[in-house]
2 protein chains.
Amino acid sequence: MPSGSAARKPTAEPLVVLEEFLPYRLNVLAGLTSSALAQIYAERYGLSIPAWRVIVTLGQYEFRTARDMAPDGVMHKSTVSRAVSALEKRGLVTRRPNLDDRREEWLALTPEGRAIYEAVAPEALAVGERLLSVLTAQEQKTLSTLIDKLTQQARLLAPQDAEGEET
Amino acid sequence: MPSGSAARKPTAEPLVVLEEFLPYRLNVLAGLTSSALAQIYAERYGLSIPAWRVIVTLGQYEFRTARDMAPDGVMHKSTVSRAVSALEKRGLVTRRPNLDDRREEWLALTPEGRAIYEAVAPEALAVGERLLSVLTAQEQKTLSTLIDKLTQQARLLAPQDAEGEET
DNA sequence: CAAATCTAGTTGCTCGTGCAACGAATCTGG
DNA sequence: CCAGATTCGTTGCACGAGCAACTAGATTTG
């Protein structure tokens, strides 16, 4: 147990107790789940988090533009751009210019890309479910609601749209 | 409205729906709250996330070693090391060798460091509370429980101890 | 239809941070 | 009491990602 030395005497007035601070706890949890997931898509398939998100989105929607990948400002557009380039270079994604608006391009999975998607997705899902397995069905529904409420509120408090992390 | 093009037709069998995937949602939420907080301690006080954590911990415990800053593997030790160096250079933190074990050093806030702590902490707390303000007291308790359960479980699924993000 | 404005996407730069290798101090076992 | 293993902390390296500036194309306005 590494926290054997943990019981150091607290200051007179600890204004913030980190371990109870919601943003901190959310980040720790998010980081841990990211690590768990990364084991799969990173170590096993060489995918970065942005790449994983691109693949999942394309697996979900068939055709999308790069901009669609960052629906609400999650992921910077440069991040998406580089992820797509990398995936294209690996032959997992194709670009096809949109003739109606030649600024953007339609992205799609190649057969190889889809193969990876079909291999990774179930494993990722399994991790998600193993995570949730410690909650009852009712708790899972509650959690979902709470996350939505908080996310909505956080969006109001965050700068404008900024952000960009993992999973 | 950027999502005007959102209703792209889904694939036959979307294996994973990203917007419903717990790890993804957790990361988005954590990222947004981080951004909200960063507005304060980064833009206003020039503190990185690790630096902020160090300051809060020292504000909480008076004396700590660098290792204590990463209780469970949150934050890499190199991250802590660099954060502490930076804080020392700014005169916010002091190091004093531990004579009982000269591998480690006792860290503490300088008066300047404490002043910053006392300025930042309430603001950060306020953000946390504004976040939570959309939840009832009961919901807040529930959330806390759920986060704990999930964190515990995530720790089992994550590699060994790996991790390292924001707040 | 020209000028100004806006949007999609790319790229150079920089910085934060994880990793791995290392140095120093400590602890353990023969 | 010495040799190997372990732990605290630092540092070189590389890479991922945000920012800002830019190109190219589209849209608006007068």
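# Contacts and helices of a protein with two DNA strands

Biologist: Just after α1(A), which residue takes a positive phi?

Modeller: This is a predicted model. The helix in question, α1 of chain A, covers residues 22-44. Just past this helix, phi turns positive, at about 65°, in A:Gly46.

Biologist: How far does helix α1 of chain A reach from its first C-alpha to its last?

Modeller: The helix has 23 residues. At 1.5 Å a residue, the expected reach is 33 Å. The value in the model is close to that, at 32 Å.

Biologist: Where is the kink in α1(A) centred?

Modeller: The helix spans residues 22-44, and the kink lies within α1(A). The bend amounts to about 45° and is centred on A:Ala38.

Biologist: Why is α1(A) described as largely enclosed by the rest of the structure?

Modeller: A residue counts as buried when its relative accessible area is under 20%. The helix has 23 residues in total. It is largely enclosed because the number of these residues that are buried is 18.

Biologist: Which residues are closest to DNA strand C?

Modeller: In total, 20 residues surround DNA strand C. Of the strand's atoms within 4 Å of the protein, 61% belong to sugar and phosphate. The closest residues are A:Arg67, A:Ser81, A:Arg82, A:Arg95 and B:Thr79.

Biologist: Which residue has a polar side-chain atom 2.9 Å from a base oxygen of DNA strand C?

Modeller: Two contacts go to the phosphate instead: a polar side-chain atom of A:Arg67 lies 2.7 Å from a phosphate oxygen, and a side-chain N or O atom of A:Ser81 lies 2.5 Å from one. The contact with a base oxygen, at 2.9 Å, comes from the side chain of A:Arg103.

Biologist: Which element gives the most to the surface near DNA strand C?

Modeller: By type, the residues of this surface are two nonpolar, seven polar and eleven charged. The greatest share from one element is four residues, and they come from α3(A).

Biologist: Is A:Arg103 buried or exposed?

Modeller: The side chain of A:Arg103 meets that of A:Asp101 in a salt bridge, N to O 2.8 Å. A:Asp101 is partly exposed, at 23% relative accessibility. For A:Arg103 the relative accessible area is 76%, over the 50% cut-off. A:Arg103 is therefore exposed.

Biologist: How many residues surround DNA strand D?

Modeller: The closest ones are A:Thr79, B:Arg67, B:Lys77, B:Ser81 and B:Arg95. Of the atoms of DNA strand D within 4 Å of the protein, 67% are sugar and phosphate. By type, the surface divides into two nonpolar, seven polar and 13 charged residues. The total of residues around DNA strand D is 22.

Biologist: How far is a phosphate oxygen of DNA strand D from an N or O atom in the side chain of A:Thr79?

Modeller: Some contacts with this strand use the backbone: a polar backbone atom of A:Arg102 is 3.0 Å from a phosphate oxygen, and a backbone N or O atom of B:Ala66 is 3.5 Å from one. For the side chain of A:Thr79, the distance to a phosphate oxygen is 2.2 Å.

Biologist: Which element gives the most to the surface near DNA strand D?

Modeller: α3 of chain A and α3 of chain B each supply at least two residues here. The greatest contribution is four residues, from α3(B).

Biologist: With which residue does B:Arg95 form a salt bridge?

Modeller: B:Arg95 is in strand β1 of chain B, and its partner is in strand β2, ten residues away. B:Arg95 is partly exposed at 29% relative accessibility, and the partner is partly exposed at 34%. The closest N and O atoms are 3.0 Å apart, and the partner is B:Glu105.

Biologist: Is A:Asp68 buried or exposed?

Modeller: A:Asp68 forms a salt bridge with A:Arg64, the closest N and O atoms being 3.8 Å apart. A:Arg64 is buried, at 6% relative accessible area. The value for A:Asp68 is 10%, which means that A:Asp68 too is buried.

Biologist: How far apart in space are B:Trp52 and B:Tyr117, C-alpha to C-alpha?

Modeller: B:Trp52 sits in helix α2 of chain B and is buried, at 1% relative accessible area. In sequence the two residues are 65 apart. In space, their C-alpha atoms are separated by 8.7 Å.

Notes
Residues numbered from 1 in each chain as written. Chains lettered and ligands numbered in written order. Predicted model: local features only at pLDDT ≥ 70, side-chain atom pairs only at ≥ 80, totals over all residues. Heavy atoms only, no water. Near = heavy atom within 4 Å. Polar contact = N/O pair within 3.5 Å; in protein donor to acceptor, adjacent residues only side chain to side chain. Nonpolar A, V, L, I, M, F, W, Y, C, P; charged D, E, K, R; others polar. Buried < 20%, exposed > 50% of the residue type's maximum accessible area, 1.4 Å probe, protein only. Salt bridge = Lys/Arg side-chain N within 4 Å of Asp/Glu carboxyl O. Expected span 1.5 Å × (residues − 1). Bend = angle between axes of the 7 residues up to and from the residue.
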